[in-house]
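Student: Please choose one part of this model for a close look and follow its contacts outward, so that its place in the whole becomes clear. A single connected account would serve best.

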Amino acid sequence: MPDRPEIVCICGSTRFLDERRAANRDLTFAGVIVVAPGEADELITDEQKIALDALHLRKIDLADRVLVVNPGGYIGESTGREIAYARAAGKPISFTDPGPLRRDE
């Protein structure tokens, strides 16, 4: 038995908020420590987005692996950067939709 639970960082587009929350819930009930993107109820400034994006990269640093929530294979610009960062850091990455990735909607 490991000395601590696995840590998983969730990544994915803000358009999939409900799906990200479901993944967070499912992983948490499976005994996983989840680090997830920050959420805002209103529009955020460009400065806030830059700060949140940088913070999310630090969350990837903390994680044992990354789970990308990508219904229909969709990967947005920020998520694409996060995947590249995680790969460069040697983090294992899995996808909720393992089919072909796409960037347009």
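Tutor: In this predicted model, Ile60 is a useful starting point: beyond the residues up to four places away in sequence, Ile60 touches Cys9, Cys11, Val66, Glu82, Tyr85, Ala86 and Lys91. Ile60 is one of the buried residues of helix α2, the others being His56 and Lys59. Seen down the axis of α2, these buried residues fall within an arc of 100 degrees, so they line one face of the helix. The other side of α2 carries Glu47, Ile50 and Leu62, which are exposed. From the buried face, packing is directed against β1, β2, β3 and α3. The length of α2 is as expected for its 17 residues: at 1.5 Å a residue they should span 24 Å, and the end C-alpha atoms lie 25 Å apart, which agrees.

Ile60 also belongs to the largest nonpolar core, which comprises eleven residues: Ile7, Cys9, Cys11, Val35, Ile60, Ala63, Val66, Val68, Ile75, Ile83 and Ala86. Two or more of these residues come from each of β1 (7-12), β3 (65-69) and α3 (77-88). With three residues, β1 gives the most to this core. Apart from this core lies another, made of ten residues, including Val8, Ala23, Val32 and Val69. As a general tendency, nonpolar side chains in soluble globular proteins are buried together.

The strand β1 deserves attention next. Six of its six residues are buried, so β1 is largely enclosed by the rest of the structure. Ile7, Cys9 and Cys11 point one way from the strand, whereas Val8, Ile10 and Gly12 point the other way. Ile7, Cys9 and Cys11 are members of the eleven-residue core, while Val8 is among the residues of the other core.

Val8, located in strand β1, has a relative accessible area of 0% and is therefore buried. Setting aside neighbours within four places in sequence, Val8 is in contact with Leu27, Val32, Ile33, Val34, Val35, Ala63, Arg65 and Leu67. In space, the C-alpha atoms of Val8 and Pro92 are 9.9 Å apart, although 84 residues separate the two in sequence.

These strands can now be placed in the sheet. Four strands form an open sheet in the order β2-β1-β3-β4, and their pairing is parallel. The edges are held by β2 and β4 (93-95); each has a single partner strand, so one side of each is left without a neighbour in the sheet. From one strand to the next, the twist averages 30 degrees. The parallel pairing of β1 and β2 extends over three bridges, and within it Val8 stands opposite Val34 of β2. Helix α2 (residues 46-62) packs on this sheet, where it touches β1, β2 and β3, and its direction makes about 145 degrees with that of β1. Helix α3 likewise packs on the sheet; α3 touches β1, β3 and β4, and its direction makes about 145 degrees with that of β4.

Helix α1 also meets these strands. Its buried residues are Arg20, Ala23 and Leu27. They cover an arc of only 60 degrees around the axis, which puts them on the same side of α1. Those residues pack against β1, β2 (33-35) and β3. Leu27 appears among the contacts of Val8, and Ala23 shares with Val8 the ten-residue core. On the face of α1 turned away from its buried side, Asp18 and Phe29 are exposed. The 13 residues of α1 (residues 17-29) should span 18 Å at 1.5 Å a residue, and the end C-alpha atoms are indeed 18 Å apart.

The account closes with the segment that follows this helix. Ala30, in the loop between α1 and β2, has a relative accessible area of 61%; since exposed residues are those over 50%, Ala30 is exposed. Its C-alpha atom is 9.8 Å from that of Pro5, a residue 25 places away in sequence. Also just after α1, Gly31 takes a positive phi of about 90 degrees.

Technical notes: Residues are numbered from 1 along each chain as its sequence is written. This is a predicted model: local features need pLDDT of at least 70, side-chain atom pairs count only at pLDDT 80 or more; totals for chains, interfaces and linings use all residues. Side-chain values use heavy atoms; hydrogens and water are left out. A nonpolar core is a set of buried Ala, Val, Leu, Ile, Met, Phe, Trp, Tyr and Cys residues joined through side-chain atoms within 4.5 Å. Buried means under 20% relative accessible area, exposed over 50%, partly exposed in between (1.4 Å probe, protein chains only). Contact means heavy atoms within 4.5 Å. The expected span of a helix is 1.5 Å times one less than its number of residues. The arc is that of the directions from the helix axis to the C-beta atoms. Two strands pair if DSSP finds at least two bridges between them. Axes are lines fitted to C-alpha atoms, for helices over the stretch in contact, and angles run from 0 to 180 degrees between N-to-C directions.
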